[in-house]
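User: I have a protein model open and would like to learn to read it. Can we go through it in short steps?

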Amino acid sequence: MYSTTSPYRIITVCTGNICRSPMAALMLTEAFDAEGLGGLVVVDSAGTTGYEVGHPIDPRAARVLTAHHLASEDHVAREWRPEWYAERDLILALDVDHFGWLQAGAPNHASLEKVRMFRSFDPHMAGRSSLDLGIEDPWYGGHTDFDNTWTLIKAALPGIVQHVRAAIAASQDAKTHEPQQVTSMT
């Protein structure tokens, strides 16, 4: 459960961490900053494989981000680490295979509860099966595929921001309603 003593931590996860997940992380960071939550939320990304570890973001993903005034040159791909189940408050899978992989690796029920499909926060996708919520890997395509990835990620951003805002508010509310410890001075 999230605690107000540390930032709310989100990680976006795709295959190699050079296309979808860094795009989603950078777009989420911008969305939280725009909503005044930047100081309360930290977003990062990882891949389910080590194929691209150490590599920069795909140039086609960088092109789309740059077109929307988001810098991506500092991104370096990395592989998922199991301890992040405990260290993250929300784990967002970009496609169904990542979702299944993250669910299968979850060490406990609390970790499993954190794993969600990124597009499950898109109101137009409400009630859909997780099988319908994936964002296909644009790496195999061209510029249009990366533009489509941008569009699909963008549609889910308001729902994620709303979800996180509610989690932060609930945590703050719980903290203000905690019983105060009274010490006796006798």
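What follows is a set of short questions and answers about this predicted model.

User: Which strand joins β1 in the parallel sense over 7 bridges?
Analyst: Strand β1 covers residues 8-14. One residue to check is V13, which stands opposite A46. Another is I10, which stands opposite V43. The partner, parallel to β1 and joined to it by 7 bridges, is β2.

User: Which hand does the crossover from β1 to β2 have?
Analyst: The chain leaves β1 and passes through helix α1, residues 20-34. From α1 the chain goes on to β2. This β-α-β crossover is right-handed.

User: How many bridges pair β1 with β3?
Analyst: The two strands pair in the parallel sense. Across this pairing, I11 stands opposite I91 in β3. The number of bridges is 4.

User: How many of the 7 residues of β1 are buried?
Analyst: β1 is largely enclosed by the rest of the structure. Strand β2 is mostly covered too, with 6 of its 7 residues buried. For β1, the number of buried residues is 6.

User: How many disulfides does the count come to?
Analyst: Take C14 and look for the closest cysteine sulfur, which is in C19. The two sulfurs are 6.7 Å apart, too far for a bond. A disulfide needs sulfur atoms within 2.5 Å, so this pair does not qualify. The count comes to 0.

User: Is C19 buried or exposed?
Analyst: Buried means under 20% relative accessible area. C14 passes that test at 2%. C19 has 3% relative accessibility, so C19 counts as buried.

User: Which element gives the largest share of the largest nonpolar core?
Analyst: This core has 38 residues, and I10, F32, F118 and I160 touch the most other members. The elements giving two or more residues to the core are β1, α1, β2, α2, β3 and α6. The largest share is 10 residues, and it comes from α6.

User: Within what arc do the buried residues of α2 fall?
Analyst: Helix α2 spans residues 59-67, and A61, A62, V64 and L65 are buried there. Look down the helix axis. These buried residues line one face of α2, because they fall within an arc of 160°.

User: Which exposed residues does the other face of α2 carry?
Analyst: Start from the buried side, where A61, A62, V64 and L65 sit. Then turn to the face that points away from that side. The exposed residues there are P59, T66 and A67.

User: Which residue's side-chain oxygen reaches the backbone nitrogen of R60?
Analyst: Look at the start of α2. A side-chain oxygen comes to within 2.7 Å of the R60 backbone nitrogen. That oxygen belongs to D58.

User: Which residue with a positive phi follows α2?
Analyst: Helix α2 runs over residues 59-67, so look past its end for a backbone angle phi near 65°. The residue is H69.

User: What distance separates the C-alpha atoms of A86 and A67?
Analyst: A86 lies in helix α3, residues 84-87. A86 counts as exposed, at 65% relative accessibility. A67 is also exposed, on α2. The two are 19 residues apart along the chain, and their C-alpha atoms are separated by 35 Å.

Methods. Residues are numbered from 1 along each chain as its sequence is written. This is a predicted model: local features need pLDDT of at least 70, side-chain atom pairs count only at pLDDT 80 or more; totals for chains, interfaces and linings use all residues. Side-chain values use heavy atoms; hydrogens and water are left out. Buried means under 20% relative accessible area, exposed over 50%, partly exposed in between (1.4 Å probe, protein chains only). The arc is that of the directions from the helix axis to the C-beta atoms. A polar contact is a pair of N or O atoms within 3.5 Å; within protein, one must be able to donate a hydrogen and the other to accept it, and residues adjacent in sequence count only if both atoms are side-chain atoms. Two strands pair if DSSP finds at least two bridges between them. A crossover is right-handed if, with the strands pointing away from the viewer, the path from the first strand over the helix to the second runs clockwise. A nonpolar core is a set of buried Ala, Val, Leu, Ile, Met, Phe, Trp, Tyr and Cys residues joined through side-chain atoms within 4.5 Å.
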